[in-house]
Amino acid sequence: MMMAESQVLLECRGICKSFGKNKVLQDIDFIVKKGEVHALLGQNGAGKSTLVKIITGVYSRDGGEIMMGGQEIEIYSPKDSEKAGISIIHQDQQLVPFFDVTRNAFLGSEIKGKGGKLDFKKMKKLVDEKLTLIESDFTSDRQISSLSVGQREQVAIITALLRNPKLLILDEPTASLSNREIEKLFEVIQKLKEQGVTIIYISHHLDEIFRITDSITVLRDSRLQGTFPTKELGQKDVVSLMIGQELKDFYPKEKVEPGEVLVEVEDLHSGTLVNGVSFQLRRGEILGLAGLVGAGRTETMMAMYGVEKIKSGTVKIEGRELKAKSPLEAGKAGIAFIPEDRRNEGIVAQMDIGENLSLTATNLWAKKGIIDKKYESSQFEKIKSALNIVCTGKKQLVGELSGGNQQKVVIGRWMTGDFKVFVFDQPTTGVDIGAKTEIYKQMIALAKKGCGIIFISSENEELLGICDRIAVMAKGRIVKEFEADKATEHDILYWAAGGEAEQIRKEAKEQ
């Protein structure tokens, strides 16, 4: 049954794209109906980013056609896409921090009045209207640097709305947002939908997809797997479409018998967010650190790793006290740190994959100060295979890789040295389901070798699925520890949100 043309806003027919011999998109048919929120899903490398870049004029297509409102359109540049009524909001917002909201919103498309002078009054009025539309809690004269990440996302949205788009593309919009900011974004999306704006929503978070979308399109290995009403699918159905097989278990957990104590932290104090942390980590154990934003999880690991100064308390590795004053000293003691902010702290975007992989243990890769190319090639192939890094070769620049593959390079870098303790700080943020599973498998492989793993995550489900023990942090200290198989998401949230204080108050009332 053909869909009525009046219902269709965007239609892509038979879209094809290749880079050399690599077919990235093969005969893609993609239909988006007017006024809906439409999810575009697929693993890293499935082709969704390429399809979006063709729709927005960044890439040219090799074949196929694009229709808007039933009329064929030619898109050769982003300006052509914008003219057709298509706007995109990228994951990384390029805003000028010392400009106010109005100047950022009209940057490059300023309104001029008489004599060629900028008409700030008119621009401010238009920005105020859009801010009112999405019920923002800040004004048009606020400086960007004073806004939260979520508020900056709203600036990007109103910037797009000023172009009066028919179709708005949101690319991983919640990647850097807090739970409260995510809820606000969902309210904004609902308001835009009520105003008749059509949205393509790209996210790795399936819970978001099932909350706010009307339709789901899945790509896999450069081909369309289908378009479905969201209400007709379950999470397992979507995962199966994305990876090409039934995923019986998201978390490939294996039982590893823990060995002797490897790390012992006693009454650690550092900065303002680490206020008396104590825990032990055994060989072969995966210890999860749960907690809300600001609980002090990352800061505790930074102190242990020599980035932050320790005020008091002790850190012992294999019974010997560690007083690391730098990451170099911590690395020599056997600690590896995979940071949350991979773009700024994990990778060197303008270096190739081989160069990035050798950064943490250059002495192992070099002979007399010169990188051993033969060894580099063999190690690259080993790491690429183990982590399934999708790339053209070891000479490809890391900045050209997808977010998930960049994360794999960061993890792979630490696989070549003699490290005993691995700290994974939010390693699965912004990566697809397949990449998550590969990261979990590497954690388990390291545990089976006798290493100790500390896994920081804000996704309580994955902590329960992959960890042996979970320590919950609140206000700079560990308030509760669980055996993972004896805990629930509710337990973790209860203690992370101050459950201990609530329990004390409850007991006091009962006395």
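Contact between a helix and a strand here means heavy atoms within 4.5 Å. In this predicted model, helix 5 lies across strand 6 and strand 7 in that sense, and helix 5 runs at about 170° to strand 6.

**The six-stranded sheet**

Strand 6 and strand 7 belong to an open sheet of six strands, whose order is 6-7-8-3-9-10 and whose pairing is mixed. Strand 6 (86–89) and strand 10 (223–229) stand at the edges with a single partner strand each, so one side of each is left without a neighbour in the sheet. On average, and with direction ignored, neighbouring strands of this sheet are turned by 20° against each other. Within the sheet, strand 3 (residues 37–41) pairs with strand 8 (residues 198–202) in the parallel sense over three bridges, and here A39 stands opposite Y201 of strand 8. Helix 1 (residues 48–55) also packs on this sheet, where it touches strand 3, strand 6, strand 7 (167–171), strand 8 and strand 9 (215–220), and the direction of helix 1 makes about 130° with that of strand 3.

**The four-stranded sheet**

Another open sheet has four strands in the order 12-11-14-15, with antiparallel pairing. Its edge strands are strand 12 and strand 15 (320–321), each of which pairs on one side only. Helix 9 (residues 297–304) packs on this sheet by touching strand 11, strand 12 and strand 14, and its direction makes about 70° with that of strand 12.

The following table sets out strand pairs from both sheets.

| Strand pair | Sense | Bridges |
|---|---|---|
| Strand 3 (37–41) and strand 8 (198–202) | parallel | three bridges |
| Strand 11 (261–270) and strand 12 (274–282) | antiparallel | seven bridges |
| Strand 14 (312–317) and strand 15 | antiparallel | two bridges |

Strand 11 and strand 12 form a hairpin with three residues between the strands, and in this hairpin G271 takes a positive phi near 55°. S270 has V274 of strand 12 as its bridge partner, while in the pairing of strand 14 with strand 15, K316 has E321 of strand 15 as its bridge partner.

**The cavity**

A search of the whole structure finds one cavity of 30 Å³ or more, and about 40 Å³ of space lies in the largest cavity. The residues that line the largest cavity are G150, E153, Q154, L177, E181, K184 and L185. Helix 5 (149–161), the helix that lies across strand 6 and strand 7, and helix 6 (179–194) each supply at least two residues of this lining. By class, the lining has three charged, two polar and two nonpolar residues.

Conventions: Residues are numbered from 1 along each chain as its sequence is written. This is a predicted model: local features need pLDDT of at least 70, side-chain atom pairs count only at pLDDT 80 or more; totals for chains, interfaces and linings use all residues. Side-chain values use heavy atoms; hydrogens and water are left out. Two strands pair if DSSP finds at least two bridges between them. On a 1 Å grid over the protein atoms alone, a cavity is a set of points where a 1.4 Å probe fits but cannot get out, and a pocket is an open set with protein on both sides within 12 Å along at least five of seven lines; lining residues have an atom within 4 Å of a point. Grid points are joined across faces, edges and corners, and a volume is the space filled by probe spheres set on the points. Ala, Val, Leu, Ile, Met, Phe, Trp, Tyr, Cys and Pro count as nonpolar, Asp, Glu, Lys and Arg as charged, and the others, Gly among them, as polar. Axes are lines fitted to C-alpha atoms, for helices over the stretch in contact, and angles run from 0 to 180 degrees between N-to-C directions.
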